[in-house]
Amino acid sequence: MSNDLPIESIDAVTAGLASVGYIASRQIATAIYLAERIEKPILVEGPAGVGKTELAKSLAAWRGLKMIRMQCYEGLDEAKALYEWKYAKQLLYTQILKDKLGEVLGDAQSLSAALDKLHDFGDVFFSKEFVEPRPLLQALEQPNGCVLLVDEIDKSDAEFESLLLEILSDYQVSIPELGTISATVKPLVLLTSNGERDLSDALKRRCLHLHIGFPEQKLEERIVESRVPGASETLRKQLVGFINQVRALDLKKLPSVSETIDWARVLVLLQSTELDHQTVKDTLNVLLKYEADIETTIPQVAGFVAKAGRSGTFG
């Protein structure tokens with residue numbers, strides 16, 4: 001689909017994302033449709049591994065846009081996120097100016113005239129030519145637009161949130177030496193959060209809100225079918241049924257969709273066509289990331305496999 005044409009409908013979003021391998025719920029498709037139509041960023045929240053970052057990648061692939069990713073972390077500042085000056089280039093030009101000082105000053109008849117000439121060169125040193133754009137500024141300068149992913153915003157500081165507000169509301173940034181730089185084409189902006197800290201009301205007001213949780217069983221089966229085509233229908237139903245039971249346990253980290261996909265790939269690699277007790281125990285470390293969670297789950301495996309087997313066989 002061409003990125004210069006507006007999205008026609010919510011169903012078009014569902015079909016478009018599916019064409020690049022992302023199986024979206026109606027809620028996700030609606031948020032993407034509205035975000036483009038009313039030109040607002042989306043704040044995508046939910047546990048790690050449910051497809052938040054993948055949504056941005058798939059949106060860029062479907063729309064034929066470049067994806068620019070800003071990975072957040074504690075201490076992130078505007079020099080890493082927005083822009084910084086090319087100090088080495090400025091230093092080089094300073095040396096050239098020093099060597100050519102006589103030619104630059106030329107026929108200046110007074111100190112005031114000489115200072116005026118040097119002042120003109122000072123302005124050159126803080127021009128666009130000496131700016132090194134970082135992800136946020138790069139996103140505003142894309143001639144065809146882009147998908148801007150501000151990933152894991154909850155890992156950054158509150159100060160960084162403040163830096164984002166102008167971009168999120170007006171798609172522009174203010175640089176003291178250069179003035180205001182506005183987006184050539186407004187980017188599609190997605191911010192993701194794993195909920196490690198509360199985000200400010202000011203940031204939330206500027207965004208549409210989308211929460212991606214664990215998908216219902218039928219949708220997760222479709223996701224596995226899309227990402228692991230080698231998995232049989234029976235295996236898909238059984239492994240998703242098993243995982244849904246595991247998610248009901250009191251675990252340190254519940255298995256996410258990314259673990260579902262990884263586990264399905266492992267089971268296909270092991271040539272499994274349905275779940276069995278021993279294979280599940282042997283591969284549980286693919287699904288669960290903490291030893292304590294594995295120890296909690298092991299006693300339940302036989303019962304979970306039996307229940308998933310009945311569901312996978314009889315629907």
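Ala, Val, Leu, Ile, Met, Phe, Trp, Tyr, Cys and Pro are counted as nonpolar, Asp, Glu, Lys and Arg as charged, and the others, Gly among them, as polar. With these classes, the residues lining the largest cavity divide into seven nonpolar, no polar and one charged. The structure described here is a predicted model.

## Cavity and pocket

Rolling a probe the size of a water molecule over the atoms shows where empty space is left. The count comes to one cavity of 30 Å³ or more, and the largest cavity has a volume of about 30 Å³. Its lining consists of Ile32, Ala35, Glu36, Ile42, Leu59, Leu188, Val189 and Leu190. Glu is in the charged class, so Glu36 is the charged member of this lining. Helix 2 (26-38) and strand 8 (188-193) each supply at least two of the lining residues.

The largest pocket has a volume of about 550 Å³. It is lined by 32 residues, and Gly49, Val50, Gly51, Lys52 and Val257 lie nearest its centre. At least two lining residues come from each of helix 2, helix 3, helix 11 (217-227) and helix 13 (257-269). By class, the lining of the largest pocket has twelve nonpolar, eleven polar and nine charged residues.

## The sheet and the helices across it

Strands of a sheet pair through backbone hydrogen bonds, either parallel or antiparallel. In this model an open sheet of five strands has the order 2-5-8-1-9, and the pairing is parallel. Strand 2 (66-71) and strand 9 (208-211) are the edge strands, each pairing on one side only. From one strand to the next, the twist averages 20°.

Strand 1 (residues 42-45) runs parallel to strand 9 and is joined to it by four bridges. Isoleucine 42 has leucine 208 as its bridge partner in strand 9, and valine 44 has leucine 210. Isoleucine 42 also belongs to the lining of the largest cavity.

In a regular strand the side chains alternate between the two faces of the sheet. Strand 9 shows such an alternation: Leu208 and Leu210 point to one face and are buried, whereas His209 and His211 point to the other and are not.

Two helices lie across strands of the sheet. Helix 3 (residues 52-63) lies across strand 1, strand 2, strand 5 (146-151), strand 8 and strand 9, and runs at about 165° to strand 8. Helix 9 (residues 158-170) lies across strand 2, strand 5 and strand 8, with an angle of about 155° to strand 8. Leu59, within the span of helix 3, is one of the residues lining the largest cavity.

## Residues with positive phi

Most residues other than glycine have a negative phi, and most peptide bonds are trans. Two residues with a positive phi are set out below.

| Residue | Phi | Loop | Relative accessibility |
|---|---|---|---|
| Tyrosine 171 | about 55° | between helix 9 and strand 6 (172-175) | 4% |
| Glutamine 271 | near 60° | between helix 13 and helix 14 (277-287) | 70% |

Are these residues buried or exposed? Buried means under 20% relative accessible area and exposed means over 50%. Tyrosine 171, at 4%, therefore counts as buried, whereas glutamine 271, at 70%, counts as exposed. Neither residue is a glycine. The loop holding tyrosine 171 follows helix 9, which lies across strand 2, strand 5 and strand 8. The loop holding glutamine 271 lies between helix 13 and helix 14, and helix 13 supplies at least two residues to the lining of the largest pocket.

Note on methods. Residues numbered from 1 in each chain as written. Predicted model: local features only at pLDDT ≥ 70, side-chain atom pairs only at ≥ 80, totals over all residues. Heavy atoms only, no water. 1 Å grid on protein atoms, 1.4 Å probe; cavity = no way out; pocket = protein on both sides within 12 Å on 5 of 7 lines; lining within 4 Å. Points joined across faces, edges and corners; volume = space filled by probe spheres on them. Pairing = 2+ DSSP bridges. Axes fitted to C-alpha atoms, helices over the stretch in contact; angles between N-to-C directions. Contact = heavy atoms within 4.5 Å. Buried < 20%, exposed > 50% of the residue type's maximum accessible area, 1.4 Å probe, protein only.
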